[in-house]
Amino acid sequence: MADDKDKEHTELAAAEYRKKIREAFEVFDHEGNNTVDVREIGTIIRSLACCPSEGELHDLIAEVEDEEPTGYIRFEKFLPVMTDILLERRYRPIPEETLLRAFEVLDPGEPFSQEEMEEMLSAAIDPESSSIQYKDYIPMMVIDEN
């Protein structure tokens, strides 16, 4: 009986995940032919609250790419792989507490490159104090899993 409930719950979760995957995929399926540019896969995956490393992303792309790479990923190959990833809760984002600790240990005198500063400041600067309030910046970096 408990196994039937677990199976039913998993099937409901899988159906919900498939719907979210389809919606995310369709945003980048500009031709409407159930394919997306391989360069968009990372964005699609991250929009589904998964944060794989670059190496993990390359492995995932290799798994869903056609045997003869075309530069495009087909939905029918992407869907089952991504559904399994979401069901297994792989590539979870870094917890907020871990990011906060990382900011707290940064040497405040360590210089950033101009590009890093522009990117970070566009989202992080407090216009009133012209400083970065890292406790306010952390929530912008964390993916809400709800």
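These legends describe close-up views of a predicted model.

**Figure 1. Overall layout of the predicted protein model.** The secondary structure consists of 7 helices and 4 strands. Read from the N terminus, the elements follow the order α-β-α-α-β-α-α-α-β-β-α. The protein has 146 residues, of which 28% count as buried. The later views take up aromatic pairs, backbone angles, salt bridges and a surface patch.

**Figure 2. The aromatic pair of Phe25 and Phe75.** The count of aromatic pairs in the model comes to 2. In the pair of this view, the ring centres of Phe25 and Phe75 lie 5.1 Å apart and the ring planes stand at 65°, so the pair is edge-to-face; the cut-off for that class is an angle over 60 degrees. The pair links distant parts of the chain, with Phe25 in helix H1 (residues 2-28) and Phe75 in helix H4 (residues 75-88), 50 residues apart. Phe25 and Phe75 are both buried.

**Figure 3. The aromatic pair of Phe25 and Phe78.** Here the ring centres of Phe25 and Phe78 are 5.7 Å apart and the planes make an angle of 35°, so the pair counts as tilted. An angle under 30 degrees would be needed for a stacked pair, and one over 60 for edge-to-face. Again the pair links distant parts of the chain: Phe25 belongs to helix H1 and Phe78 to helix H4, with their positions 53 residues apart in the numbering. Both Phe25 and Phe78 are buried. Through ring pairs, Phe25, Phe75 and Phe78 are linked into a cluster.

**Figure 4. Backbone at Asn34, in the loop between H1 and strand S1.** Asn34 has a phi near 60°, which is a positive value in a residue other than glycine. Strand S1, at the other side of this loop from H1, covers 35-37. Is Asn34 buried, partly exposed or exposed? Asn34 is partly exposed, because its relative accessible area is 31% and that class lies between the cut-offs of 20% and 50%.

**Figure 5. Backbone at Ala49, in the loop between H2 and H3.** Helix H2 spans 41-47, and Ala49 is found in the loop between this helix and H3. The phi of Ala49 is near 65°, again a positive value in a residue other than glycine. With a relative accessible area of 10%, Ala49 is buried, since the cut-off for that class is under 20%.

**Figure 6. The salt bridge of Glu26 and Arg22 in helix H1.** The model has a count of 6 salt bridges. In this one, the side chains of Glu26 and Arg22 meet at 3.6 Å, N to O. Because Glu26 and Arg22 are 4 residues apart in helix H1, about one helical turn separates them. Glu26 is partly exposed, with a relative accessible area of 43%. Arg22 also counts as partly exposed, at 29% relative accessibility.

**Figure 7. The salt bridge of Glu88 and Arg90.** The closest N and O atoms of Glu88 and Arg90 are 2.8 Å apart. At 47% relative accessibility, Glu88 counts as partly exposed. Arg90 falls into the partly exposed class too, at 31%.

**Figure 8. The salt bridge of Asp66 and Arg74, and its network.** The side chains of Asp66 and Arg74 meet in a salt bridge of 3.0 Å, N to O. Arg74 is partly exposed, with a relative accessible area of 29%. Which residues are joined into one network by salt bridges that share partners? They are Asp66, Arg74 and Glu76.

**Figure 9. A negative surface patch.** The patch is formed by Glu56, Asp59, Glu63 and Asp84. Helix H3 (residues 54-64) supplies its largest share, 3 residues. Among the patch residues, Glu56 is found in helix H3. At 32% relative accessibility, Glu56 counts as partly exposed; patch residues need over 30% relative accessible area and no salt bridge.

Definitions and conventions. Residues are numbered from 1 along each chain as its sequence is written. This is a predicted model: local features need pLDDT of at least 70, side-chain atom pairs count only at pLDDT 80 or more; totals for chains, interfaces and linings use all residues. Side-chain values use heavy atoms; hydrogens and water are left out. Patches are made of residues with over 30% relative accessible area and no salt bridge: like charges are joined within 9 Å, nonpolar side chains (Val, Leu, Ile, Met, Phe, Trp, Tyr) within 5 Å. Accessible areas come from the Shrake-Rupley method with a 1.4 Å probe; for residues, only the protein chains shown count as cover. A salt bridge is a side-chain nitrogen of Lys or Arg within 4 Å of a carboxyl oxygen of Asp or Glu. Lys and Arg count as positive and Asp and Glu as negative; His and the chain ends are not counted. The place of a charge is taken as NZ of Lys, CZ of Arg, CG of Asp or CD of Glu. Helices (H or I, at least four residues) and strands (E, at least two) are DSSP runs, numbered from the N terminus. Buried means under 20% relative accessible area, exposed over 50%, partly exposed in between (1.4 Å probe, protein chains only). Rings of Phe, Tyr and Trp (its six-membered ring) pair if their centres lie within 6.5 Å; planes under 30 degrees apart count as stacked, over 60 as edge-to-face and the rest as tilted.
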